[in-house]
Amino acid sequence: MTQTVNNPFFQQYNTPFATPPFNDIKIEHYEPAFDEGIKQLEKEIQEIAENEQPATFENTIVALERSGKLLEKVSSVFFNVLNAEANDEMMDLSQQVSPKLSESSNNIFLNEKLFARIKNIYGQKEQLNLSTEDAKLLEDTFESFCVRGANLSPEDKEKYRKLSSELSTLTLTFDQNALKDKNRYELLLTEEKDLTGLPESICEAAAHRAKEKGKDGWLFNLSAPSYIPFMRYSALRPLREAMYREYMSIGNKGDEYDNKEIIRRIVNIRLEIARLMGHNTYAEYSLKRTMAKTPTNVYRLLEQLLKAYKPVAINEYNAVQGFAMGIEKENITVMPWDWSYYSEKLKDIRFNVNDEMTRPYFELNNVKNGVFGLATQLYGITFRENKEIPVYHPEVDAYEVYDADGKFLSILYTDFHPRDGKQSGAWMNSIKEQYNEADGNDSRPQIIIVMNFTRPTETKPSLLTFDEVNTLLHEFGHALHGMFAKGKYASLSGTNVYRDFVELPSQLMENWLTEKEFLDQIAVHYETGEKIPQELIRKLVDAANFNTGYFCCRQLSFGMLDMAWHTRTEPFDGDVIAFEKQAWAQTVIVPEVSGTLMSSSFGHIFSGGYAAGYYGYKWAEVLDADAFSVFKATGIFNRETARSFRENVLSKGGTEDPAILYKRFRGQEPTIDALLIRNGIKQAEPKANSN
């Protein structure tokens with residue numbers, strides 16, 4: 001009883017907007033809440049499955065949708081904190097909780113009585129006269145049960161139960177191994193000569209990092225704000241090589257954090273599950289509920305883009321290679337650890353612009369306010385910081401978001417800087433999805449965006465690179481998708497859409513960063529308050545497509561690698577490194593390095609939900625370029641275009657097929673032409689003369 005009384009998860013949250021009381025939640029509160037949440041969910045499922053009344057949409061489909069409130073309450077908090085502020089105790093607890101959650105999920109999807117009711121309702125769908133949203137919920141519920149084993153024989157159901165439970169644990173372990181391995185590497189430099197080429201701001205940040213660890217000198221690690229500028233600016237080739245090899249060997253050192261055997265097991269389990277479901281490959285199984293539908297369609301897009309971009313990428317590499325030989329006065333081969341260094345120098349010469357020139361104009365708070373301001377211009381929404389809302393770390397800020405008509409829209413949390421307990425990269429997630437309560441009340445969402453941006457130092461605030469500003473716009477696009485949700489059901493709300501559609505809102509937002517009108521608003525010198533010079537804006541815009549072929553081929557390589565792992569028709573017991581090299585061979589521009597491995601830290605596909613789905617970034621990029629062409633035609637701040645995009649895409653979530661939603665906004669099917677034109681690969685057709 002004491003555990004229940006003192007456990008915040010068992011109480012109504014007495015906080016602004018019923019946000020999680022992070023200050024009161026302790027690690028010991030999680031497991032009892034998980035156990036009770038599972039217990040309550042199983043009781044609710046039993047009542048639905050054994051209901052003596054005939055199965056109806058309301059007493060079965062809607063009842064199932066609304067079940068498990070306590071479990072969702074604790075899960076959303078736990079896994080958000082686990083990703084952003086983990087420690088050994090949290091990681092250990094996740095390993096204990098994961099099998100319980102997997103078993104609970106299987107108990108639902110493999111419940112024969114429950115599925116019989118769902119199947120009965122699904123068989124009557126044409127006669128039920130359901131609304132579009134209700135029909136989508138019924139379809140998704142039925143298909144979810146089918147892909148989770150409901151149609152299997154009793155023997156195969158037991159196989160699926162064991163395989164899915166093991167897979168859940170393996171993906172979690174993969175993530176934690178990569179994080180622990182990444183965090184243990186440090187490069188401590190103690191002599192100033194080893195800092196050659198590094199800008200003052202990067203050195204200051206490294207000195208600050210060393211001081212925080214109680215060390216003298218300059219400390220570099222594998223977090224993005226440390227690794228990326230080191231590779232871009234360090235003039236010492238051996239140090240760049242050492243850093244690169246460390247980064248490309250995360251999870252690949254043959255010790256307790258090695259992920260290669262986990263990769264083999266994950267790939268083979270996924271294949272075995274796909275076979276149980278009647279498919280030849282995991283990609284076939286996974287892609288059924290996507291815009292692409294089939295591996296053939298995925299490969300068609302990847303190969304179409306590769307054909308367009310690879311010749312450009314080869315020319316770009318040759319230009320960097322020739323430039324490097326010229327400045328070094330020797331016949332060197334540009335290797336992966338050289339690419340950022342020499343290409344940055346070449347860009348600086350061609351366009352006279354680099355991160356150190358632009359950083360002073362991209363102070364984090366100014367940028368954040370500028371991004372918020374863009375949302376105000378487009379959609380009329382406003383942001384109000386609320387320091388009374390509890391947060392899980394002092395660096396996290398919380399905002400109330402209001403719609404143009406003054407109605408409360410959402411809570412938005414922002415978490416910007418790297419920490420030892422935070423996963424690498426950047427992401428958006430929901431602490432609570434939007435949905436309509438049983439009485440029809442609109443329960444608004446709570447959204448979180450998490451990044452790993454350059455930290456402030458003792459003398460400077462957080463000054464962002466151009467790429468970091470782009471990342472903020474990207475994640476904020478996901479946040480808008482979550483905040484604008486307007487539907488009846490949480491499972492169809494916000495970003496609960498097809499994986500190859502979910503990146504459309506995020507990638508669309510990136511387009512504004514290369515628009516002069518937006519840069520003029522967002523970029524202000526942190527010391528003088530002066531706006532960024534128009535000449536510097538012009539240089540940024542001109543440099544936008546620098547090495548665009550290389551960057552496209554790099555993303556295509558990730559998509560090819562993902563598809564190679566998940567289009568296997570036979571179990572894999574071979575060399576993970578050799579498989580990777582072969583999988584992306586046709587996309588490689590810079591020479592390969594023996595012994596390096598990306599798969600062992602490729603969390604997107606081995607632990608992050610993008611298995612057989614990484615191509616989705618390129619799929620959505622075609623859509624975002626096409627969509628932004630509408631904004632370009634009508635004005636990049638055009639409220640009517642923004643309203644149409646919000647109503648037809650952002651607010652709809654997964655209530656309809658995304659191809660229908662997109663066509664409703666665009667008025668026609670997209671092609672890759674807008675993307676090729678944007679990247680300078682293809683010339684736009686001249687406008688017809690109206691005279």
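In this predicted model, the largest nonpolar core has 163 residues, and Phe220 and Leu412 are the ones with the most contacts inside it. Helix α14, which spans residues 295–328, gives this core its largest share, 11 residues. A second core, separate from this one, has 58 residues and includes Tyr13, Phe22, Leu64 and Val81.

Leu412 can be followed outward through its contacts. With neighbours within four places in sequence left aside, Leu412 is in contact with Phe372, Phe383, Asp397, Ala398, Tyr399 and Val401, among others. The list of its contacts also includes Ile447, Ile449, Phe476, Ala479 and Met483.

Asn221 follows Phe220 in the numbering. Asn221 sits in the loop between strand β2 (218–220) and helix α10 (224–233). Is Asn221 buried or exposed? Its relative accessible area is 17%, and because the cut-off for buried is under 20%, Asn221 counts as buried. The side chain of Asn221 makes a polar contact of 2.6 Å with the side chain of Ser223. Beyond its neighbours within four places in sequence, Asn221 is in contact with Tyr185, Arg209, Ser226, Tyr227 and Met243.

The next topic is enclosed space. The model has 2 cavities of 30 Å³ or more. The largest cavity holds about 90 Å³ of space. Its lining includes Ser201, Ile202, Glu204 and Ala205, together with Arg359. The other lining residues of the largest cavity are Thr454, Arg455, Pro456, Thr457, Lys460, Pro461 and Leu463. Sorted by class, this lining has 5 nonpolar, 3 polar and 4 charged residues.

The second largest cavity holds about 30 Å³. Which residues line the second largest cavity? They are Tyr379, Gly477, Leu480, Pro505, Leu508, Met509, Phe645 and Leu650. Three helices, α18 (466–483), α19 (503–510) and α26 (639–650), are the elements that give two or more residues to this lining. Helix α19 provides the largest share of it, 3 residues. The lining of the second largest cavity divides into 7 nonpolar residues, 1 polar residue and no charged residues, whereas the lining of the largest cavity has 4 charged residues.

Terms used
This is a predicted model: local features need pLDDT of at least 70, side-chain atom pairs count only at pLDDT 80 or more; totals for chains, interfaces and linings use all residues. Side-chain values use heavy atoms; hydrogens and water are left out. A nonpolar core is a set of buried Ala, Val, Leu, Ile, Met, Phe, Trp, Tyr and Cys residues joined through side-chain atoms within 4.5 Å. Buried means under 20% relative accessible area, exposed over 50%, partly exposed in between (1.4 Å probe, protein chains only). Helices (H or I, at least four residues) and strands (E, at least two) are DSSP runs, numbered from the N terminus. Contact means heavy atoms within 4.5 Å. On a 1 Å grid over the protein atoms alone, a cavity is a set of points where a 1.4 Å probe fits but cannot get out, and a pocket is an open set with protein on both sides within 12 Å along at least five of seven lines; lining residues have an atom within 4 Å of a point. Grid points are joined across faces, edges and corners, and a volume is the space filled by probe spheres set on the points. Ala, Val, Leu, Ile, Met, Phe, Trp, Tyr, Cys and Pro count as nonpolar, Asp, Glu, Lys and Arg as charged, and the others, Gly among them, as polar. A polar contact is a pair of N or O atoms within 3.5 Å; within protein, one must be able to donate a hydrogen and the other to accept it, and residues adjacent in sequence count only if both atoms are side-chain atoms.
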